[in-house]
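Visitor: Hi, I'm new to this one. Could you walk me through it?
Guide: Happy to. Let's bring it up and take it topic by topic.

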Amino acid sequence: MTGLFRVHEIGQSVWEIVDIADCHCYLVRGSRRAVLVDSCLGVGNLRTCVQEVAGSLPVTVLLTHRHYDHVAGSYLFDDVHMPEGEGVHPEIAEGQNALRLKILEGEDRIDSETVCAMSDGKRPWFQTVREGDVFDLGGITIEAVSLPGHTDHSMGYLVRERRLLLSGDAVTPIMCLFFPESLPIAEWKETLAKMEELDFDIFRTGHHSHSFTKADIAGFEHLADYALSATNWMEWMHSFLPDCTGSLYVPPESDITDVDSPYFRALIGPYRPRPKKHRRHRRHSAGEEGQ
């Protein structure tokens with residue numbers, strides 16, 4: 001899988017898999033079964049990559065949400081679960097995925113021979129996963145927990161014995177809440193409060209090779225508060241999806257400018273027109289004219 005995937009063990013029986021577009025998924029292996037949380041962009045044969053780690057164990061794919069950069073690779077698997085209530089629109093995901101792959105091809109990062117799961121595989125029959133569902137892998141268990149915000153029914157997965165939460169895009173350094181399926185910022189803040197009560201020590205996201213701690217949640221709550229009260233923001237447009245626009249909030253006290261840093265904090269919410277700036281006109285008193 002050289003050049004297409006980076007694989008390394010991040011904890012006992014837990015591996016991180018990163019594709020060439022820096023999308024992350026996570027493989028958890030028990031004695032009887034393996035679970036793959038999310039499935040990246042679908043570039044390259046993810047199933048072969050996973051089986052190199054899982055061996056002969058059957059693999060269940062648990063998706064955190066519907067977006068193409070998490071769902072695409074699942075087209076190569078048979079046992080795929082989507083969160084209950086999370087709308088599935090394969091044609092939308094497939095169209096967006098095709099646009100992303102054209103960009104990668106234009107950058108000479110893939111070619112016509114590269115396996116692309118959404119075209120070379122088949123649409124899965126998505127089974128439903130509900131909050132509270134527990135998957136016993138043999139010596140290690142995974143529990144589904146609802147983490148809405150990024151999408152209305154996003155799901156996270158607690159690896160109980162490792163005190164690890166695999167959260168997808170539920171909480172990320174550049175928090176995206178601009179999609180039609182995203183919830184209001186205030187409701188995302190409720191998810192943050194819920195996360196503080198969950199039984200884990202660290203969480204991993206869908207786009208950073210970095211462990212976040214429960215203590216980091218306070219910084220995201222501050223980000224939510226700032227976005228809710230901000231009187232200034234920047235207009236934002238998606239790099240290749242022209243219909244995706246939003247408003248970008250960056251706390252003014254932030255001194256980190258590297259947007260790829262796990263310590264950067266920003267939130268992209270629904271589009272709001274920028275406030276109009278009015279010129280202040282001096283009021284003249286009688287007798288001032290012409291002086």
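**A first look around**

Guide: Let's begin with T191, which is found in helix α5, residues 185-197. Keep in mind that this is a predicted model.

Visitor: Okay. Is T191 buried or exposed?

Guide: T191 counts as buried, with a relative accessibility of 4%.

Visitor: And which residues is T191 in contact with, leaving aside neighbours within four places in sequence?

Guide: Those contacts are L147 and P148.

Visitor: Let's switch. Where is G30?

Guide: G30 sits in the loop between β3 (24-29) and β4 (34-37). G30 is buried too, at 13% relative accessible area.

Visitor: What does G30 touch, beyond four places in sequence?

Guide: G30 is in contact with L57, L137, G138 and I140. Take L137: in sequence, 107 residues separate it from G30, yet the two C-alpha atoms are 4.6 Å apart in space.

Visitor: Nice. New topic: how many disulfides does the structure hold?

Guide: Zero.

Visitor: Why does C40 have no bond to the closest cysteine sulfur?

Guide: That closest sulfur belongs to C25, and it is 3.5 Å from the sulfur of C40. A disulfide needs the two sulfur atoms within 2.5 Å, so this pair is too far for a bond.

Visitor: What about C49, how far is its closest cysteine sulfur?

Guide: For C49 the closest cysteine sulfur is again in C25, at 7.4 Å, so that pair is too far for a bond as well.

Visitor: Are C40 and C49 buried or exposed?

Guide: C40 is buried, with a relative accessible area of 1%. C49 counts as buried at 1% relative accessibility.

Visitor: Let's talk pockets. How much space lies in the largest pocket?

Guide: About 1400 Å³. The lining has 48 residues, and the closest to the centre of the pocket are D69, C176, F179, H207 and H238.

Visitor: Which helices and strands each supply at least two residues of that lining?

Guide: The helices are α2 (68-71) and α3 (90-106). The strands are β12 (174-176), β15 (234-237) and β17 (266-269).

Visitor: Which of them gives the largest share?

Guide: That's α3, with five residues of the lining.

Visitor: Last one: how do the lining residues divide into nonpolar, polar and charged?

Guide: There are 28 nonpolar residues in the lining of the largest pocket, along with twelve polar and eight charged.

Methods:
Residues are numbered from 1 along each chain as its sequence is written. This is a predicted model: local features need pLDDT of at least 70, side-chain atom pairs count only at pLDDT 80 or more; totals for chains, interfaces and linings use all residues. Side-chain values use heavy atoms; hydrogens and water are left out. Buried means under 20% relative accessible area, exposed over 50%, partly exposed in between (1.4 Å probe, protein chains only). On a 1 Å grid over the protein atoms alone, a cavity is a set of points where a 1.4 Å probe fits but cannot get out, and a pocket is an open set with protein on both sides within 12 Å along at least five of seven lines; lining residues have an atom within 4 Å of a point. Grid points are joined across faces, edges and corners, and a volume is the space filled by probe spheres set on the points. Helices (H or I, at least four residues) and strands (E, at least two) are DSSP runs, numbered from the N terminus. Ala, Val, Leu, Ile, Met, Phe, Trp, Tyr, Cys and Pro count as nonpolar, Asp, Glu, Lys and Arg as charged, and the others, Gly among them, as polar. Contact means heavy atoms within 4.5 Å.
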